[in-house]
Amino acid sequence: MRIDEENPLFSEFNNKWQSLANELNEKLTEAEEQDKKNGFRGRDGKSSEITKEYSKTFTKLQKEYSFLYKDE
């Protein structure tokens, strides 16, 4: 399965995706630094919560733009 990059709405989808990815990266960086300061290691830290939250948002965005995905 691949994305139809020729579709006029691809640019809109890509911009939203990149914006979310940048937000996620920024929040994860901050959370991981805080987790390190607190001496926390594992999957139940703040960074895991953020990843779970954004995972749902990415999935929702994929469903919203599902018409862009096509089978090869």
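**Notes on the salt bridges and the nonpolar core**

1. Let's start with a charged pair in helix H1: lysine 16 forms a salt bridge with glutamate 12, and their closest N and O atoms lie 3.8 Å apart. Please keep in mind that this is a predicted model. The two residues sit four positions apart in helix H1, which spans residues 10-37, so about one helical turn separates them.

2. How accessible are the two partners? Lysine 16 has 33% relative accessibility and therefore counts as partly exposed. Glutamate 12, at 35%, is likewise partly exposed, because this class covers values between the 20% limit for buried and the 50% limit for exposed.

3. Lysine 16 has another partner worth a look: its side chain also meets that of glutamate 64 in a salt bridge, at 3.8 Å from N to O. This pair links distant parts of the chain, with glutamate 64 in helix H2 (residues 46-64) and lysine 16 in helix H1, 48 residues apart. Glutamate 64 is partly exposed, with a relative accessible area of 46%.

4. Taken together, Glu12, Lys16 and Glu64 are linked in a network of salt bridges. As a general reminder, side chains of opposite charge can pair when their charged atoms come close.

5. Helix H2 has a pair within itself. Glutamate 49 forms a salt bridge with lysine 46, the closest N and O atoms being 3.8 Å apart. Here the spacing in helix H2 is three residues, so glutamate 49 and lysine 46 are again separated by about one helical turn. Glutamate 49 is partly exposed at 46% relative accessibility, and lysine 46 is partly exposed at 46% as well.

6. How many salt bridges does the structure hold? The total is four, and the pairs described above are among them.

7. Now to the nonpolar side. The largest nonpolar core has twelve residues: Phe10, Phe13, Leu20, Leu24, Leu28, Ala31, Ile50, Tyr54, Phe58, Leu61, Tyr65 and Leu68. The elements that contribute two or more residues to this core are H1 and H2, and H1 supplies the largest share, six residues.

8. Finally, I would point you to tyrosine 65, a member of that core. Leaving aside residues up to four places away in sequence, which residues does tyrosine 65 touch? They are Leu9, Glu12, Phe13 and Lys16. Among these contacts, Phe13 also belongs to the largest nonpolar core, while Glu12 and Lys16 belong to the salt-bridge network with Glu64. Tyrosine 65 is thus a handy residue to view alongside both groups.

Methods:
Residues numbered from 1 in each chain as written. Predicted model: local features only at pLDDT ≥ 70, side-chain atom pairs only at ≥ 80, totals over all residues. Heavy atoms only, no water. Buried < 20%, exposed > 50% of the residue type's maximum accessible area, 1.4 Å probe, protein only. Core = buried A, V, L, I, M, F, W, Y, C linked by side-chain atoms within 4.5 Å. Contact = heavy atoms within 4.5 Å.
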